[in-house]
Amino acid sequence: MTDLSVTFVGKKLRSPIGVGSHALVRAEHDPQALCTHLKGYVDAGAGYVYTPFISPELKHPKGMAPVYKFQAMTAREPFAREGLLSATDAERIMSRLEEGLRLLDLLKKSLPSDVPVIANLIGPGSDPEGWAKHCKKFEDAGADIIELNCSCPIPAATASAVESYIAGDLSEAAGALLGDSPALLVPVVEAAVKAVKIPLGVKMTPETGFPRLVGLAEAIKKAGAKFITAINAPITCGPPDIYNDGKGKWAGIEDNLICGVQGPMNRYLCYRNMATISMFVPGIELAACGGLVEPEHVVEAMMLGARIAEFSAGLIWRGTRIISDTIEFLEKDYMPRMGYQSVDDFIGVGIKHIKPCEEVDWRMEECVSTTDPKRCVRCGICATGICDARSLKENPLRLEVDEEMCYGCGLCLAVCPEHAVNIIEKKHKVIGVSFIPSR
């Protein structure tokens with residue numbers, strides 16, 4: 001028997017799997033429709049539910065219907081789909097106070113009592129008192145946990161973003177602009193923590209890099225936050241259309257935009273935050289989000305210290321099924337196969353294996369690369385890049401490996417599109433030359 005339950009900030013969850021805070025792509029704000037949608041995650045196995053990010057503004061402005069533009073990030077094979085760009089206007093998509101409280105009421109009435117609702121709140125700029133009042137309203141309305149959204153990339157797309165950030169004058173919903181400003185963020189966290197009795201955490205922006213994120217995480221912990229979620233979407237710019245005067249490539253418009261980027265590659269930023277905060281700021285709980293698109297990614301994030309894992313890109317890549325697929329993978333495959341009885345058995349186990357580079361035994365004299373002649377198509381990618389240990393020879397066309405120069409770094413293994421490379425220990429027989437007859 002396997003036990004997927006986990007305790008997170010004092011709350012017993014039926015499962016560590018859920019979906020990160022998001023808005024629905026629809027032309028109107030409808031709390032009932034959103035409640036029904038979020039309940040579907042629970043039906044699929046989610047152990048908790050997030051609200052979309054909710055502003056303290058009372059009502060949604062008239063004439064500001066939600067709008068999105070998406071763009072696939074693609075490349076030639078073997079890379080194919082790399083990610084997804086998402087552009088919008090935060091003023092259009094964020095929920096307002098009235099509808100947010102209505103949604104919370106609907107969720108509390110419709111969800112099982114053991115499924116906590118996490119209110120994701122985006123506050124009034126960098127005003128600590130305003131944040132405190134905003135959080136208190138949602139505690140009074142029945143939220144189980146509060147997450148401060150100090151990471152949304154969308155506010156960075158506004159005309160005043162850079163000027164406001166430099167001046168330290170964040171009077172509106174600021175997202176990542178606030179999250180990357182420790183002097184403004186810490187008083188907000190302190191005020192919010194004092195205002196409520198329920199667990200409160202901070203969703204960090206990936207714009208705060210290493211090692212600055214360690215100092216920020218420590219400050220967030222000292223301010224009283226119980227958990228850190230990482231990461232939200234990084235900020236980027238859509239690629240210009242090189243065949244159309246550099247215009248944007250968004251469907252239906254020619255303008256280009258500062259935007260967020262989602263996709264599998266983001267998980268390495270998530271892992272960075274999980275690992276470094278686990279190592280250098282012990283004692284604060286972690287929630288992993290960003291770039292998780294496979295069930296195995298959940299385990300990877302949890303081995304680096306996350307107690308819960310949230311799908312964001314995974315939901316877009318695979319739909320709601322990613323939740324039930326992950327539950328099944330953990331319960332029926334991974335945990336029984338590895339001998340784990342509970343998720344606590346593997347949370348954080350990867351941290352002890354992270355070492356400073358100077359303490360690593362690189363085994364340069366013990367490993368070498370080999371090539372499977374049945375798979376290799378002599379494309380030359382591994383031999384014409386930055387590695388001098390591999391070369392293509394003519395008459396007959398063949399790939400040669402210089403065993404004296406090769407120390408098994410793994411570059412050829414990583415870039416081979418045919419999966420024709422292996423790294424082996426030199427004590428085994430080494431195939432130095434891969435010969436393939438001309439076709």
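**Close-up 1. The side chain of His 134 and the backbone of Ile 54.** In this predicted model, a polar atom of the His 134 side chain lies 2.9 Å from the backbone oxygen of Ile 54. His 134 belongs to helix α4, which spans residues 128–140, and is buried with a relative accessible area of 2% (buried means under 20%, exposed over 50% and partly exposed in between, with a 1.4 Å probe and protein chains only). Residues are numbered from 1 along each chain as its sequence is written, side-chain values use heavy atoms, without hydrogens and water, and local features need pLDDT of at least 70, whereas side-chain atom pairs count only at pLDDT 80 or more and totals for chains, interfaces and linings use all residues.

**Close-up 2. Two cis peptide bonds that lead into prolines.** The bond from Phe 210 to Pro 211 is cis, with omega near 5°, and Pro 211 sits in the loop between β9 (200–203) and α8 (212–222). A cis peptide bond also joins Asn 395 and Pro 396, where omega is about -5°; Pro 396 is placed in the loop between β16 (390–393) and β17.

**Close-up 3. Positive phi at Asp 245 and at Arg 378.** Asp 245, although not a glycine, has a positive phi of about 60°; this residue lies in the loop between β11 (235–237) and β12 (258–262) and is exposed, with a relative accessible area of 71%. Arg 378, also not a glycine, has a positive phi of about 60° and is found in the loop between β15 (367–371) and β16, but Arg 378 is buried, at a relative accessible area of 16%.

How values were computed:
Helices (H or I, at least four residues) and strands (E, at least two) are DSSP runs, numbered from the N terminus. A polar contact is a pair of N or O atoms within 3.5 Å; within protein, one must be able to donate a hydrogen and the other to accept it, and residues adjacent in sequence count only if both atoms are side-chain atoms.
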